[in-house]
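These are my notebook entries on one protein chain and its ligand. I set down what I looked up, topic by topic.

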Amino acid sequence: HLDPVLPVTGAETLVPRVGAAPIRYANLDVAASAPALASVAERVAEVLPLYASVHRGAGYLSQVSTALYEASRRTIGDFVGARPDDVTVVTRNTTDSLNLLAGCVPAGPDGLPGRVLVLDLEHHANLLPWQRGSATVLTAAPTVSGTLAALRAELARTPYVLLAVTAASNVTGESLPLADVVKIAHDAGARVVLDGAQLVPHRRVSLARSGADWIAFSGHKTYAPFGAGALVGRRDWLDSGTPYLAGGGAVRQVGLDETRWQSAPARHEAGSPNVIGAVALAAACDALAAVDPAELAEHEAVLRRRLVDGLSAIEGVEVVSLWPDAEDPVGVVTFAVEGHDPGFVAAYLSAEHGIGVRDGRFCAHPLLSRLGLTGGAIRASVGVGTAGEEVERLIRALETFVAQGTQVEYTVVDGCWTV
Ligand code: PMP
């Protein structure tokens, strides 16, 4: 049984069960939102009394807040291997970051809106913003090598300005080899943005090493609370693109007829910034950076292997894979239980075993449809704070459910169980 790599908040939460004593919560839904690290909570408590207006005041606490905010920005950029000329925009989350970049896509060489290429397996956050412009959706092949070949062929066929691709799938945890993807796109003259929401919390990702142009990710999946995320990468599009929000802080000079905008990152950060969110995300980056990446990857790989092996061995349980040849998937495992509604199974796991999993279509409707899972599936996910016992509990609970069902009468309303 593995112990967590880093302490997280909420790990001792006791949850009620139907017909049994309360039990320690098994949070196997960290891919949706990960609990804050204990060190992040401490840092937030430390800086909470200190915040004041950022970039807007001469008072002492305004200076402290401004310094904290800008130092956090540097930490966040460094954590994802930003190059010296890269920009880090503090956003709300991955969705915000990708929408921001979508507003900065320049015209193509033909003067028409720049074309963006995406795969059909993307989270809606990395699909819908591009579809508002000029996007082509390519169906991924069932192997990594086949998908790389399909990308190469499509990029050669049509001129694209950007390839927007997940760094790790939120449905299967699997990734394409990022440096290869970047080379294929760059060779064809397209830039690359990585949806890092699922990879950044679990593996050391580097813009400099991979050559990717931008990466987007979320604080609340990176062991910091809700409220802050980031878009990190090349300056040129961000300096010339339409400011994401119009308002104070994003402007140099406002006249009644003409406004002169700031360059990035201020250009895209109108309004009072979320200094506590940025500090929390930076604290999470610091804590993750201090862990040996091999230790973290091994911890999650052991848990993932146990999940895949344990679940696959249960009759009627099928684990989903996009690319069986993908290397080093992160700890996200999606499965279906034959003959059972995913929402009901998830409610059973919660009500009788104190286990939190995600059910549904994971904001990836086109992929779930392609996989024949239009009714949804169940997703279990692990991270630095996950203990081996939680994974064992899930496997035992599903074995019991499949063998004998449940005798307890409860109903599921809006995804929650009630007796
Ligand atoms: N991309 C991926 C791969 C995700 O898993 C998620 C969150 N489920 C998002 C984007 C969107 O993240 P957020 O809701 O934090 O904007």
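I begin with a definition: helices (H or I, at least four residues) and strands (E, at least two) are DSSP runs, numbered from the N terminus.

**Entry 1: the model.** I noted that this is a predicted model. I found an average pLDDT of 96 for the protein chain, and 100% of the residues score at least 70. I also recorded the model's scores, ipTM 0.99 and pTM 0.97.

**Entry 2: the recorded domain.** I consulted UniProt, where an unreviewed entry lists residues 27-394 as "domain: Aminotransferase class V". I then looked at the chain over residues 27-394 and found 37% helix and 17% strand. The C-alpha atoms at the two ends of this range are 10 Å apart.

**Entry 3: around the ligand.** Which residues come nearest to the ligand? I found Asn-93, Thr-95, Asn-170, Ala-197 and Ser-218, out of 15 residues around the ligand. I sorted the shell by class and obtained 10 polar, 4 nonpolar and 1 charged residues.

**Entry 4: helix 6.** I looked up the buried residues of helix 6, which spans residues 178-187. They are Leu-178, Val-181, Val-182, Ile-184 and Ala-185. These residues lie on the same side of helix 6, because they cover an arc of only 165 degrees around the axis. What do the buried residues of helix 6 pack against? I recorded two helices as partners, helix 5 (144-157) and helix 7 (207-210). I also recorded two strands, strand 7 (162-166) and strand 8 (191-195). Just after helix 6, I noted that Gly-189 has a positive phi of about 85 degrees.

**Entry 5: the end of helix 5.** I turned to Arg-157, which belongs to helix 5. Is Arg-157 buried or exposed? I counted Arg-157 as exposed, because it has 10 C-beta neighbours inside 10 Å, and a residue with 12 or fewer is exposed. I then compared Arg-157 with Ala-188: they are 31 residues apart in sequence, and their C-alpha atoms are 9.5 Å apart in space.

**Entry 6: positive phi outside glycine.** I examined two residues other than glycine that have a positive phi. His-55 has a phi near 65 degrees and sits in the loop between helix 1 (38-47) and helix 2 (60-79). I classed His-55 as partly exposed, because it has 16 C-beta neighbours inside 10 Å. Tyr-223 also has a phi near 65 degrees, and I located it in the loop between strand 9 (214-218) and strand 10 (229-233). Why does Tyr-223 count as buried? Tyr-223 has 29 other C-beta atoms within 10 Å, and a residue is buried if it has 20 or more.

**Entry 7: a cis peptide bond.** I found that the peptide bond from Ala-264 to Pro-265 is cis, and I noted an omega near 5 degrees. Where does Pro-265 lie? I placed Pro-265 in the loop between strand 12 (259-261) and helix 9 (275-289).

**Entry 8: a pair separated in sequence.** I located Ala-246 in the loop between helix 8 (235-240) and strand 11 (251-254). Ala-246 counts as partly exposed, because 13 C-beta neighbours lie inside 10 Å. I paired Ala-246 with Gly-271, which is 25 residues away in sequence. In space, I recorded 8.4 Å between Ala-246 and Gly-271, C-alpha to C-alpha.

Notes: Residues numbered from 1 in each chain as written. Predicted model: local features only at pLDDT ≥ 70, side-chain atom pairs only at ≥ 80, totals over all residues. pLDDT = per-residue confidence, 0-100. Near = placed C-beta within 6 Å. Nonpolar A, V, L, I, M, F, W, Y, C, P; charged D, E, K, R; others polar. Arc of directions from axis to C-beta. Contact = placed C-beta atoms within 7 Å. UniProt positions renumbered as here; feature names shortened; annotations may be inferred.
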